[in-house]
Amino acid sequence: MKIDILTLFPNMFNGSFEESIIKRAQENKKVEINLINFRDYTTDPHNKVDDTPYGGGAGMVLMCQPIFDCIKTIKTEESKIILLTPDGIPYKQKMAYDLSEEKHLIIICGHYEGFDDRIRSICDLEISIGDYVLTGGEIPAMVLVDSIVRLIPGVINERSHIDDSFKDNYLLDYPSYTKPRVFEGMEVPEILLSGDHKKIAEYRYTESLKRTKERRPDLIDKK
Ligand code: ADE
């Protein structure tokens, strides 16, 4: 998979793709990630990428021209263009699965007060990572890349995401424990030491259900 991220602040990504699983995925050629500063595409003599809003109001608005020209250069028939914006569709694990099957993602990070609404016309999908407003789309882009790349076959052990919370979109993960068996008086549930895999699977399912009912009853209602 190839992922192109259009941003005015490529340095914000320093480090985030250079560690751990995402680093390894790039080294193993499972994914190619490119940071593209769309300021490089402006035709403005002063390198401007934004301007004041028509109709007045606070702040600056990202202009169409640099983003349109950048997209025209990098887009192919296989590209899926995603715009990150707080008014997009709420991001869910199911979307991460669907996007992990794409060949080429182009992710546009908005910034400042907003962007010219005509930019939406060249996008296939608008995504929000939650009901809060960030200073721009860079952190949401990191969230998307991380959640998608780990699902590309061969990036992590398949088993690790089979049990993920939200996999079936309705159950939170069950509790996990490791050594020692007793820590500061807190014991590992006996059943996990029994070696009875059927009983362990039942216990984990029950705990998942219990945790979901307590913490996210909305997920069960949806189901
Ligand atoms: N840009 C600013 N806030 C955002 C959010 N919550 N999701 C996606 N893009 C954003």
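**Figure 1. Salt bridge between Lys48 and Asp51.** Lys48 counts as partly exposed, at 30% relative accessibility. As in all the views, the model shown is predicted. The salt-bridge partner of Lys48 is Asp51, and the closest N and O atoms of this pair are 3.2 Å apart. Asp51 is likewise partly exposed, its relative accessible area being 31%. Both values fall in the partly exposed class because that class lies between the limits of under 20% for buried and over 50% for exposed. In the structure, 13 salt bridges are counted.

**Figure 2. Salt bridge between Asp87 and Arg120, and the network around this pair.** The closest N and O atoms of Asp87 and Arg120 are 3.0 Å apart. Distant parts of the chain are linked by this pair: Asp87 belongs to strand β5 (residues 79-90), while Arg120 lies in the loop between β7 (114-115) and β8, with the two positions 33 residues apart in sequence. Through salt bridges with shared partners, Asp87, Asp117, Arg120 and Glu126 are joined into one network.

**Figure 3. Salt bridge between Arg181 and Glu190, with the cis peptide bond at Pro180.** Arg181 and Glu190 form a salt bridge in which the closest N and O atoms are 3.4 Å apart. Glu190 is exposed, at 52% relative accessibility. The peptide bond that joins Lys179 and Pro180 is cis, with omega about 5°. Pro180 is placed in the loop between α5 and β9.

**Figure 4. Open sheet of five strands.** The strand order is β2-β1-β6-β5-β8 and the pairing is parallel. Strands β2 (32-37) and β8 (125-128) are the edge strands, each pairing on one side only. On average, neighbouring strands of this sheet are turned by 30° against each other, direction ignored. Strand β1 (residues 2-7) runs parallel to β2 and is joined to β2 by six bridges. At one position of β1, Thr7 stands opposite Asn37 of β2.

**Figure 5. Open sheet of three strands.** The order here is β3-β4-β7, and the pairing is mixed. The edges are taken by β3 (50-51) and β7; each has a single partner strand, so one side of each is without a neighbour in the sheet. Strand β4 (residues 61-62) and β7 run parallel and are joined by two bridges. Val61 has Gly114 in β7 as its bridge partner.

**Figure 6. Aromatic pair of Phe13 and Phe17.** One aromatic pair is found in a search of the whole structure. This pair consists of Phe13 and Phe17, whose rings are 5.8 Å apart centre to centre, with 35° between the planes. The arrangement is classed as tilted because stacked planes are under 30 degrees apart and edge-to-face planes over 60. Phe13 and Phe17 are both buried.

**Figure 7. Nonpolar surface patch with Val143.** The patch is formed by Met12, Tyr132, Leu134, Ile139 and Val143, which together have about 420 Å² of accessible area. Val143 is found in helix α4 (residues 138-149). Val143 is partly exposed, with a relative accessible area of 35%. Val143 meets the accessibility condition for a patch because this condition requires over 30%.

**Figure 8. Two non-glycine residues with positive phi, Lys29 and Glu184.** Phi of Lys29 is near 60°. Lys29 is placed in the loop between α1 (20-27) and β2, and is exposed, with a relative accessible area of 73%. For Glu184, phi is near 45°. Glu184 lies in the loop between β9 and β10 (186-187), and is also exposed, with a relative accessible area of 69%.

**Figure 9. Leu171 and its separation from Asn28.** Leu171 is located in the loop between α5 (158-162) and β9 (182-183). This leucine counts as buried, at 13% relative accessibility. From C-alpha to C-alpha, Leu171 and Asn28 are 32 Å apart in space, and in sequence they are 143 residues apart.

Notes:
Residues numbered from 1 in each chain as written. Predicted model: local features only at pLDDT ≥ 70, side-chain atom pairs only at ≥ 80, totals over all residues. Heavy atoms only, no water. Patch = residues over 30% accessible without salt bridge, like charges linked within 9 Å, V, L, I, M, F, W, Y side chains within 5 Å. Areas by Shrake-Rupley, 256 points an atom, 1.4 Å probe, with all protein chains shown as cover. Salt bridge = Lys/Arg side-chain N within 4 Å of Asp/Glu carboxyl O. Helix = DSSP H or I, 4+ residues; strand = E, 2+ residues; numbered from the N terminus. Buried < 20%, exposed > 50% of the residue type's maximum accessible area, 1.4 Å probe, protein only. Phe/Tyr/Trp six-rings, centres within 6.5 Å; stacked < 30°, edge-to-face > 60°. Pairing = 2+ DSSP bridges. Axes fitted to C-alpha atoms, helices over the stretch in contact; angles between N-to-C directions.
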